[in-house]
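Thanks, I'll keep this brief. I want to go through one sheet and the packing around it, so please have the structure open.

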Amino acid sequence: ATECAFAAILADGSVVAWGDPGFGGDNSAVQDQLRTVQQVQATGSAFAAILVNGSVVTWGDLGGNSSAVQDQLKNVKQIQATNFAFAAISQDGSVVTWGRTDLGGDISDVQHQLKGVEQIQATNSAFAAILTDGS
């Protein structure tokens, strides 16, 4: 759930969303892409769905527009979210972020350290990564 909307994965792998459209409650613009969904994650006002093939579909406000990084959102195994940004881990352990750059959406300062990422955790406005070597 975002601050004012919900999303649920149905038995057929599609997603239904409801609530305030400004907070992700209207997914009609991407509904046809929301097939074989395996996970949905939310910021305060947007949703991101991982499909079975590892691609990602987003909708809503902050973080709902992933077009700048869409070509990097392949083979995604996990997504975490702050209130304002998303972070995705790919099968190869690389990380992609999008959303408000000042609140978790820009990892350019630490991108070189984010190799072999096993897991990501999020606070309200920041991400932390655990690497496969335990650091």
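By a nonpolar core I mean a set of buried Ala, Val, Leu, Ile, Met, Phe, Trp, Tyr and Cys residues joined through side-chain atoms within 4.5 Å. Buried here is under 20% relative accessible area. And, to be clear, what you are looking at is a predicted model.

With that in hand, the largest nonpolar core has 13 residues. Which of them touch the most other members? They are Val-56, Leu-73, Val-76, Ile-79, Phe-86 and Trp-98. Two or more residues of this core come from each of S4, strand S6 at 76-81, strand S7 at 85-90 and strand S8 at 95-99.

Take Ile-79 from that group. Setting aside neighbours within four places in sequence, Ile-79 is in contact with Gln-39, Gln-41, Ala-48, Ile-50, Val-56, Phe-86, Ala-87, Ala-88 and Trp-98. Another core, of twelve residues, lies apart from the largest one, and its members include Val-30, Leu-34, Phe-47 and Leu-51.

Now the sheet. It is open, has three strands in the order S3-S4-S5, and pairs antiparallel. S3 and S5 are the edge strands with a single partner each, so each has one side without a neighbour in the sheet. From one strand to the next, the twist averages 20°.

Start on the S3 side. Strand S3, residues 37-42, is joined to S4 by five bridges, and the two run antiparallel. They make a hairpin with three residues between them. Across this pair, Gln-41 stands opposite Ala-48 in S4; both of these residues also appear among the contacts of Ile-79.

On the other side, S4 pairs with strand S5, residues 56-60, again over five bridges and in the antiparallel sense. Ile-50 is set opposite Val-56 in S5, and Phe-47 is set opposite Trp-59. This hairpin has four residues between the strands, and within it Gly-54 takes a positive phi near 85°.

That leaves S4 itself. Why is S4 described as largely enclosed by the rest of the structure? Six of the six residues in S4, residues 46-51, are buried, so the strand is largely enclosed. Both faces are covered. Ala-46, Ala-48 and Ile-50 are buried on one side, and Phe-47, Ala-49 and Leu-51 are buried on the other. From that second face, Phe-47 and Leu-51 belong to the twelve-residue core, while S4 also gives two or more residues to the largest core.

That's everything I have on this sheet.

Conventions
Residues are numbered from 1 along each chain as its sequence is written. This is a predicted model: local features need pLDDT of at least 70, side-chain atom pairs count only at pLDDT 80 or more; totals for chains, interfaces and linings use all residues. Side-chain values use heavy atoms; hydrogens and water are left out. Buried means under 20% relative accessible area, exposed over 50%, partly exposed in between (1.4 Å probe, protein chains only). Two strands pair if DSSP finds at least two bridges between them. Axes are lines fitted to C-alpha atoms, for helices over the stretch in contact, and angles run from 0 to 180 degrees between N-to-C directions. Contact means heavy atoms within 4.5 Å.
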